[in-house]
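Please work through the exercises below with the sequence and the coordinates open beside you. Each task is followed by a solution that goes step by step.

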Amino acid sequence: MNSAYHRQVAFPSGLGNSTSRQLRSMSPMLVIPVGSTEQHGPHLPLDTDTRIATAVAHAVAARLDGPADLHALVAPAIGYGASGEHEGFPGTVSIGTAALRLLLVEYGRSAASWASRLVFVNGHGGNVEALAAAAALLRYEDRDVGWVPCSVADADAHAGHTETSVLLHISPEDVWVDELSAGSTAPLTELLPLMRSGGVVAVSELGVLGDPTTATAAEGERIFAEMVDGCAGRVRRWQPDRNGMLR
């Protein structure tokens with residue numbers, strides 16, 4: 001037996017910088033951020049959804065990782081999602097719902113061979129269909145899988161007050177504050193018919209659905225805390241619905 005491989009080592013907090021030896025005696029809960037690479041107006045980076053999901057995942061894992069909980073290990077983010085509605089803007093890379101669903105299913109089947117529980121932390125609304133289908137199948141296969149949305153009450157739709165505030169809190173150096181400009185502020189229900197046929201570009205030349213000019217770092221701190229509280233509570237209760245979304 002290789003004693004160097006089997007000796008006790010400190011518990012890691014992230015999958016990417018762990019070693020196989022560190023994980024050998026563990027059966028952790030794996031927390032997987034799921035985001036996107038898509039336009040977020042002229043002022044936010046393309047990986048905004050991935051940044052938010054990753055930050056929430058780390059905060060949730062830190063809160064849950066204790067004697068009463070499974071050891072929580074945060075995986076490197078899945079940074080591409082179903083973002084077809086944003087393909088009218090350069091920089092967007094969408095893999096679509098079918099490919100994302102397959103990726104999540106195969107990811108879950110593999111990771112569940114050594115992790116006791118998987119929770120996907122979703123930062124992009126366009127990923128929901130794939131997440132629900134993948135989680136439902138994985139749970140049918142007797143894998144302990146769930147997912148949570150990084151959602152808050154009264155959020156605007158895209159690259160507006162909500163997301164800009166959160167980025168001013170977690171990544172202020174990457175917000176182009178001189179480019180802040182209001183986009184379409186009409187209710188999403190009014191915009192959906194045009195968006196279904198022409199994407200976001202059909203309703204907003206800027207790619208913004210909301211008003212980022214009202215965003216502040218203080219508001220971002222509040223919104224981010226609400227996201228973390230909501231996700232941590234769902235994970236701790238662990239009450240998945242038929243599609244694996246934790247309630």
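The exercises that follow concern a predicted model.

**Exercise 1. Confidence**

Task: State what the chain averages in pLDDT, and find what the pLDDT is over residues 1-9.

Solution: The chain averages a pLDDT of 94, and 94% of the residues score at least 70. Over residues 1-9, however, the pLDDT is below 50, and beyond near neighbours in sequence this stretch has 11 contacts in the model.

**Exercise 2. The nonpolar cores**

Task: Work out which elements give two or more residues to the largest nonpolar core, and what Met227 is in contact with.

Solution: Begin with the core itself, which has 33 residues, those with the most contacts inside it being Val31, Val56, Val119, Met227 and Val235. Next, assign the core to elements: two or more residues come from each of β1 (29-34), α3 (48-64), β2 (72-74), β3 (117-122), α6 (161-170) and α8 (217-237). Then take Met227, which, leaving aside neighbours within four places in sequence, is in contact with Ile52, Val56, Cys150, Ser151, Val152 and Val166. A second, separate core has 22 residues, including Leu23, Ala75, Leu100 and Leu138. In soluble globular proteins, nonpolar side chains tend to be buried together.

**Exercise 3. Helix α5**

Task: Check the span of helix α5 (residues 128-140), and identify its buried residues and what covers them.

Solution: Helix α5 has 13 residues, so at 1.5 Å a residue, counting one less than the number of residues, it should span 18 Å. The end C-alpha atoms of α5 are 18 Å apart, which agrees. The buried residues of this helix are Ala130, Leu131, Ala132, Ala134, Ala135 and Leu138, and what covers them includes α4 (96-111), β3 and β4 (145-149). Just after α5, Asp142 takes a positive phi of about 70°.

**Exercise 4. Asp49 and Arg51**

Task: Asp49 has no salt bridge; determine how far away the nearest side chain of opposite charge is, and which residue forms a salt bridge with Arg51.

Solution: Asp49, whose place is in helix α3, is buried, and the nearest side chain of opposite charge, that of Arg51, is 10 Å away. Not counting residues up to four places away in sequence, Asp49 touches Gly35, Ser36, Glu38, His40, Gly123, His124 and Glu163. Arg51 forms a salt bridge with Asp174, the closest N and O atoms being 2.6 Å apart. This pair links distant parts of the chain, with Arg51 in helix α3 and Asp174 in the loop between α6 and α7 (188-198), 123 residues apart. Arg51 is partly exposed at 22% relative accessibility, and Asp174 is partly exposed with a relative accessible area of 26%.

**Exercise 5. A network of salt bridges**

Task: Establish which residues are linked with Arg109 in a network of salt bridges.

Solution: Arg109 pairs with Glu106, the closest N and O atoms being 2.9 Å apart, and both lie in helix α4, 3 residues apart, about one turn of the helix. The side chains of Arg143 and Glu141 also meet in a salt bridge, at 2.5 Å from N to O. Glu106, Arg109, Glu141 and Arg143 are linked in a network.

**Exercise 6. Two positive phi angles**

Task: Asp154 and Trp238 each have a positive phi; decide whether each is buried or exposed.

Solution: Asp154, in the loop between β4 and α6, has a phi of about 60° and is exposed, with a relative accessible area of 83%. Trp238, in the segment after α8, has a phi of about 45° and is buried, with a relative accessible area of 12%. Most residues other than glycine have a negative phi.

How values were computed
Residues numbered from 1 in each chain as written. Predicted model: local features only at pLDDT ≥ 70, side-chain atom pairs only at ≥ 80, totals over all residues. Heavy atoms only, no water. Core = buried A, V, L, I, M, F, W, Y, C linked by side-chain atoms within 4.5 Å. Buried < 20%, exposed > 50% of the residue type's maximum accessible area, 1.4 Å probe, protein only. Helix = DSSP H or I, 4+ residues; strand = E, 2+ residues; numbered from the N terminus. Contact = heavy atoms within 4.5 Å. Lys, Arg positive; Asp, Glu negative; His and termini not counted. Salt bridge = Lys/Arg side-chain N within 4 Å of Asp/Glu carboxyl O. pLDDT = per-residue confidence, 0-100.
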